[in-house]
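Student: I'd like a close look at one part of this model, and then a walk outward from there. Could you take me through it slowly?

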2 protein chains.
Amino acid sequence: MYMESQTTHLRELLQEIAHLNAAIALLNWDQEVFMSPGSAQARANTLASLSARHHELVIATVLQNEVTRLEGLPDGALDARETALVREIAHDLRLAVKLPTEFVARITEATSRGQMVWQAARAANDFNQFAPVLEEIIALNREKAEYLGFTNSPYDALLDTFETGLTSSEVTKVFTPLKERLIPLLKQIAARTTAKRSDLEGNFSKESQLQLSRDVATAMGYSFDHGRLDLSTHPFSTSFHPTDARITTRVDEQDFWVCLGASMHETGHALYEQGLPAADFGSPLGEAASTGIHESQSRSWENIIGRSKPFWEHWYPELQRRYPEPFAHINLDQFLPALNEVRPSFIRVEADEVSYNLHIILRAELERDLIEGTLNVADLPKAWNAKFKEFFGLDVPSDALGVLQDVHWSCGYFGYFPTYALGNLYSAQLWAAVRRDIPTIDTSIAKADYAPFLGWMREHIHRYGRQYRPAELLTRATGESLNPEYFTAYLQERYGMSASTE
Amino acid sequence: MYMESQTTHLRELLQEIAHLNAAIALLNWDQEVFMSPGSAQARANTLASLSARHHELVIATVLQNEVTRLEGLPDGALDARETALVREIAHDLRLAVKLPTEFVARITEATSRGQMVWQAARAANDFNQFAPVLEEIIALNREKAEYLGFTNSPYDALLDTFETGLTSSEVTKVFTPLKERLIPLLKQIAARTTAKRSDLEGNFSKESQLQLSRDVATAMGYSFDHGRLDLSTHPFSTSFHPTDARITTRVDEQDFWVCLGASMHETGHALYEQGLPAADFGSPLGEAASTGIHESQSRSWENIIGRSKPFWEHWYPELQRRYPEPFAHINLDQFLPALNEVRPSFIRVEADEVSYNLHIILRAELERDLIEGTLNVADLPKAWNAKFKEFFGLDVPSDALGVLQDVHWSCGYFGYFPTYALGNLYSAQLWAAVRRDIPTIDTSIAKADYAPFLGWMREHIHRYGRQYRPAELLTRATGESLNPEYFTAYLQERYGMSASTE
């Protein structure tokens with residue numbers, strides 16, 4: 001695939017690591033999708049062992065030396081992509097060597113175990129079951145931040161692992177004005193909202209919903225010959241290679257959008273993975289640019305397309321055909337506002353687009369405080385509920401509908417949530433660029449022809465891998481650096497709030 | 001689990017290898033059960049990479065040195081189990097170091113790819129699609145035999161990897177008289193057989209059959225909290241740890257026994273894996289004694305129990321309840337001979353107990369000739385069909401019903417088939433010992449109480465792992481070395497042929 005070049009040996013070394021990584025990803029996927037509960041401790045041990053081995057390969061002298069050699073080459077010896085490859089892998093290695101292998105094994109074992117404990121605690125609506133392992137995982141993340149190093153906050157070190165260069169103060173700088181704008185906007189839009197999602201409830205069999213998800217994913221351009229769709233408690237996507245990028249979803253037999261929305265979201269992630277250059281498998285050039293950019297892809301498909309009128313101009317007659325009850329009695333102009341009902345509610349993954357970022361900001365503030373040590377695990381449910389009241393005006397009735405709802409902290413993903421909000425901001429900015437570049441995009445979408453949209457993403461985002469850092473990638477794609485105005489403008493347009501109504 | 005001892009460090013090293021092995025086993029399981037076809041080449045590459053890494057760990061100096069140190073300890077420094085552990089791991093390492101790592105990667109890639117090619121070739125009934133990769137795999141097995149070394153036949157070296165010490169001439173010594181006895185016995189029993197398996201045909205839904213398999217497996221003692229049952233083209237069992245031992249089965253909606261028989265067979269394997277000592281995970285003491293002993297467990301459950309009158313005294317009323325059509329009209333005395341119809345047929349995994357070993361002997365003779373180079377792949381279908389006519393008196397109508405039916409050669413398992421026949425011989429000898437030790441065993445089985453039978457196997461086979469070599473394990477369990485007479489006596493008793501009728 002690649003001619004023999006200066007980076008051939010480096011690529012070979014990285015491929016070996018990537019194969020081990022693929023095995024780890026499969027072990028994780030299996031744990032969420034198919035593994036029996038009694039296998040949990042053995043799986044945690046296996047993941048810990050393989051992660052330690054993976055880490056040993058990443059910090060191996062042979063790899064370090066090869067990167068040092070390539071960094072020392074004269075200007076012009078490497079082309080632009082090779083230069084980016086060396087820059088990114090050098091960045092990764094500089095961080096990786098700071099983590100002791102035994103620490104990698106410890107945090108992997110604790111988070112694999114943590115996920116199983118969280119599942120049981122959530123099912124039992126019992127935060128106390130989860131608290132000890134959560135404390136353990138937070139302590140491990142603080143330890144990780146110490147190893148990685150930081151100037152202002154240990155949270156900085158963790159954020160950087162998901163979105164290179166992102167800091168706690170930058171998060172605050174973006175999130176605080178956003179929050180101040182969203183809290184009243186949510187209140188205003190919710191007050192005007194009369195349509196109800198519950199008007200769309202019916203009795204939709206699991207199998208028929210999975211079939212609808214498969215049909216929509218196929219139309220979006222997802223290749224089922226290079227992936228699968230399964231069920232899991234918490235929908236996710238994972239990839240072992242661009243030819244094996246898998247998605248999971250979940251089903252609510254009363255509310256069809258729970259499944260379809262999650263499926264479109266995860267398909268958006270998987271389309272990015274299937275669109276990465278296979279010839280670069282294992283190297284940063286074959287990896288997604290960042291967690292935030294990844295989320296921009298999933299949110300584009302789930303929300304910007306999946307909640308739009310053009311999308312449903314094609315799919316609503318199909319939905320009516322598949323589910324005459326209740327949709328035969330509801331027309332498209334009634335359906336759309338009900339699907340997009342804006343109303344404060346408890347569960348993030350079921351939230352409307354206006355509420356969603358507030359859910360994220362709530363989590364980001366709490367996890368920052370947990371990592372900085374200003375909030376104790378014992379006080380977390382109370383803190384969650386207080387903030388929830390402040391943001392949404394609602395009293396959280398149970399921890400299952402509150403602090404226990406998300407898998408992320410049990411996986412040890414502290415610093416991940418903010419990238420969800422960034423993904424929303426990116427997606428709105430990318431959408432503005434798509435509309436500018438492809439004036440007929442709404443017409444295509446109304447015909448279920450997603451090739452122009454996917455093609456634009458393939459061209460401006462997917463094919464680059466990590467050749468550009470997220471900020472540069474966004475600027476190259478849209479002609480502008482991150483501008484949260486695109487997101488609020490998008491909300492105002494979609495929810496019929498003129499700027500003056502604000 | 002273990003006190004600090006001389007073998008603690010060795011056990012730790014071996015556990016790291018076992019975790020990698022568990023990941024490889026999951027990659028293989030997923031390939032057969034869930035992976036999409038378009039992911040095949042990436043999976044083959046991942047398996048090749050991990051197998052090479054696994055091999056590097058096995059032949060690592062640190063492990064070699066530790067084994068050498070333990071072998072040099074004075075008598076009495078190790079207890080009986082530790083002594084066996086060192087003996088077995090030393091045996092494994094002496095073989096492993098003979099295989100170059102790049103060879104391990106090559107044969108793994110070819111056989112992972114080979115399985116996907118075989119699947120397509122079998123579906124298309126086209127041997128020519130399969131021939132090139134089969135030639136490649138045979139050449140790799142000959143190369144493997146050269147590395148491992150042998151005195152008489154390269155086939156010896158391969159047999160030894162499945163059943164330590166087994167040789168081609170020993171296989172011939174057991175199989176030739178067995179074949180000469182089975183060919184006429186099959187003819188005689190078939191001639192007297194009037195009942196037909198096809199009398200039991202009906203319309204049995206896939207889901208209800210899987211439920212029956214789950215219910216029977218649970219009754220057998222299989223823990224679904226430590227494993228799973230899924231569908232695959234070729235039923236198999238695999239284990240990642242005693243707490244995660246999985247089985248697959250297949251379904252024929254007309255013939256219920258295809259699924260249940262396969263499920264009981266694979267459950268028999270999985271019960272062995274679930275019964276291995278978890279504290280010895282990773283060491284030979286935590287591994288099955290041999291492929292043949294493994295097969296003795298599966299065949300015991302599938303045939304000796306699963307085809308017996310006591311078993312069906314409990315389950316037949318249940319079968320009648322679940323499937324009134326056709327079983328309401330068939331009584332147990334009509335059902336049993338129909339289930340056990342003895343009749344030459346094409347597919348090994350559907351064969352009756354009398355035919356079965358002839359299917360194996362046919363394959364063993366052919367694979368020996370392929371490995372010894374006296375048979376070419378191009379001539380294989382013709383040779384298969386000629387031998388089939390000789391053994392069974394039947395003309396093979398298609399390669400899908402002939403040479404393409406089994407997955408084994410595509411996996412590179414040359415030397416594996418003979419252990420199936422050994423498993424049958426072991427199972428009959430073990431059964432005679434069970435009946436002697438537990439005179440009430442038939443009564444227990446008639447009450448679906450399998451605890452005495454499973455308990456006997458746990459006590460005499462499972463808990464030892466590889467503490468004893470197969471021959472010694474059999475002798476300890478039954479008081480006698482391998483005696484094929486038990487098997488023919490069992491057939492004669494079950495199929496009502498008195499010794500004099502022969």
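Student: How many of the six residues of strand E3 (residues 244-249) of chain A are buried?

Tutor: Some ground rules before we dig in. This is a predicted model, so local features need pLDDT of at least 70, side-chain atom pairs count only at pLDDT 80 or more, and totals for chains, interfaces and linings use all residues. Residues are numbered from 1 along each chain as its sequence is written, chains are lettered from A and ligands numbered from 1 in the order in which they are written, and side-chain values use heavy atoms, with hydrogens and water left out.

Now your strand. Six of the six residues of E3(A) are buried, so the strand is largely enclosed by the rest of the structure. Buried here means under 20% relative accessible area, with exposed over 50% and partly exposed in between (1.4 Å probe, protein chains only). Strands are DSSP runs of E with at least two residues, helices are runs of H or I with at least four, and both are numbered from the N terminus. Look at the two faces in turn: Asp244(A), Arg246(A) and Thr248(A) are buried on one side, and Ala245(A), Ile247(A) and Thr249(A) are buried on the other.

What does E3(A) pair with? Strands pair if DSSP finds at least two bridges between them. Strand E1 (residues 229-231) of chain A runs parallel to E3(A), joined by three bridges. Strand E2 (residues 237-241) of chain A pairs with E3(A) in the antiparallel sense, over four bridges. E2(A) and E3(A) make a hairpin, with two residues between them. Ile247(A) is a handy residue to click on: it is the bridge partner of Leu229(A) and also of Ser237(A).

From the strand, let's move to the aromatic rings. A pair of aromatic rings is described by the distance of the centres and the angle of the planes. The rule takes rings of Phe, Tyr and Trp (its six-membered ring) with centres within 6.5 Å, and calls planes under 30 degrees apart stacked, over 60 edge-to-face and the rest tilted. That gives 72 aromatic pairs over all chains. One of them is Trp301(B) with Phe453(B): the centres are 5.0 Å apart and the planes at 85 degrees, so this pair is edge-to-face. The two residues are 152 apart in the chain, with Trp301(B) in helix H11 (residues 291-305) of chain B and Phe453(B) in helix H19 (residues 451-460) of chain B. Both are buried, Trp301(B) at a relative accessible area of 2% and Phe453(B) at 1%. For Phe391(B) and Phe392(B), the centres are 6.4 Å apart and the planes at 50 degrees, so that pair is tilted. Here too the residues are buried, with Phe391(B) at 3% and Phe392(B) at 6%.

Rings also meet charges. A charge sits over a ring if NZ of Lys or CZ of Arg is within 6 Å of the ring centre and within 35 degrees of the ring normal. Arg299(A) has its charged end over the ring of Tyr356(A), 3.6 Å from the centre. In the other chain, the charged end of Arg363(B) lies over the ring of Phe417(B), 5.6 Å from its centre.

A couple of backbone spots deserve a look as well. The peptide bond from Glu325(A) to Pro326(A) is cis, with omega near 5 degrees, and Pro326(A) is in helix H13 (residues 324-327) of chain A. Ala448(A) has a phi near 60 degrees, a positive value in a residue other than glycine. You'll find Ala448(A) in the loop between helix H18 (441-446) and helix H19 (451-460) of chain A, and at 18% relative accessibility it counts as buried.

Finally, zoom out to both chains. With copies superposed by least squares on the C-alpha atoms of residues with pLDDT of at least 70 in both, chain B lands on chain A with an RMSD of 0.0 Å after a turn of 180 degrees and a shift of 0.0 Å along the axis. That is the relation of a two-fold axis. Counting contact as heavy atoms within 4.5 Å, 33 residues from chain B and 33 residues from chain A take part. The area buried between the chains is about 2600 Å², and carbon and sulfur atoms give 55% of it; buried area is the accessible area (1.4 Å probe) that two parts lose on being put together, summed over both.
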